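Here is a friendly walk through one model. Have the sequence and the 3D view open as you read.

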Amino acid sequence: MSGNTFGTLFAVTNFGESHGPAIGCVIDGCPPGMALSEADIQGDLDRRRPGTSRHVTQRQEEDKVEILSGVYEGRTTGTPICLLIRNTDQRSKDYSEIAQTFRPGHADYAYLQKYGLRDPRGGGRSSARLTAPMVAAGAVAKKWLLQQHGTTFTGWMSALGEIAIPFDDETQIPLNPFFAPNAAIVPQLEAHMDALRKAGDSCGARIEVRARQVPVGLGEPLFDKLDADIAYAMMGINAVKGVEIGSGFGVVAQRGSEHGDELTPGGFASNHSGGVLGGISTGQDLVVSIAIKPTSSIRTPKASIDRQGAPTVVETLGRHDPCVGIRATPIAEALLALVVMDHALRHRAQCGDVQLPTPDIAAKTRG
């Protein structure tokens, strides 16, 4: 199956299935000499893993990462790094009833039509469980970028279903299961999720993620634009149906006199561009928002057909997230980190010797 490798110089090949013995990835192109251990990776995996609150799937996966290669005496060697995450809490019998039918909103029908067979257990290869290895790889990229450029990545939920979440305090993000930057709204979010679970229904979410201290000059002016690669990466996350860079679709209602980010000796006056102009990073924050659709695995009966084309009704059992967006924040951070990492290495390879008298100007961190 093609389409399992992401990146050019920092290439991540993802492998495994939701209910197989293990999932993981191979990172090819990580620079040598960086101190790396499982502890550097485990923190982000713990933020993404299931079973952490009553609002997400109760599948209990420890998601403990193992480094199988590419690290010697605690440092990266420049050779492929293999990261393994064992599956320990599969309940494949939950999917026995859907093996001959197609769940509405899922990849079941399209997958079978493409390959002629499918693994119905937890969605198999199309499961969101396969985001865990990308989070692990993203943690490696985050560490290198922080050490080399001071780049950091922060994501949060900005809407849960129809509930907008006003940005209030970034320090609140790790203190609640929604990654919400607003403590006051958490009880409302919890009540909304409890009602959805009781009704056997689901909702979508909006996630915003930012990269700060991004090097200037990443990306290419035509087919390998930085923002194009960001959109490509974000659309590779399960259930993502929309991506915005900077002001996104809000630019439709803006005037040119408002949208253009003015440059001053003290920095940019605004950041409607989301940190990218002409496909190349400006040094401002990379600002990305993604729209995540409602979870398709719900107990509410939905019309479908079986493999013979006969009408049927599907009610999805098993353990599922009423809103898959709740655990999407660390995934979006990881994919953004992988894009920045790959472009940083590509820029260093081509333009590492470029020197200009024009200084970098300060970045505007919000707006």
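The sections below cover the model, its core, a helix and its empty spaces.

## About the model

This is a predicted model, in which local features need pLDDT of at least 70, side-chain atom pairs count only at pLDDT 80 or more, and totals for chains, interfaces and linings use all residues. Residues are numbered from 1 along each chain as its sequence is written, and side-chain values use heavy atoms, with hydrogens and water left out.

## Core and helix 7

The largest nonpolar core contains 72 residues; such a core is a set of buried Ala, Val, Leu, Ile, Met, Phe, Trp, Tyr and Cys residues joined through side-chain atoms within 4.5 Å. Phe10, Ile27, Leu83, Met234 and Leu336 have the most contacts inside this core. Helix 7 supplies its largest share, 12 residues.

Helices here are DSSP runs (H or I, at least four residues), numbered from the N terminus. Of the 23 residues of helix 7, 18 are buried, so the helix is largely enclosed by the rest of the structure; buried means under 20% relative accessible area with a 1.4 Å probe, protein chains only.

## The largest cavity

What lines the largest cavity? Its lining includes Arg103, Asp108, Tyr111, Arg118 and Asp119, and about 70 Å³ of space lies inside. A cavity is a set of points on a 1 Å grid over the protein atoms alone where a 1.4 Å probe fits but cannot get out, and lining residues have an atom within 4 Å of a point. The volume is the space filled by probe spheres set on the points, which are joined across faces, edges and corners.

Methods:
On a 1 Å grid over the protein atoms alone, a cavity is a set of points where a 1.4 Å probe fits but cannot get out, and a pocket is an open set with protein on both sides within 12 Å along at least five of seven lines; lining residues have an atom within 4 Å of a point. Buried means under 20% relative accessible area, exposed over 50%, partly exposed in between (1.4 Å probe, protein chains only). Helices (H or I, at least four residues) and strands (E, at least two) are DSSP runs, numbered from the N terminus.
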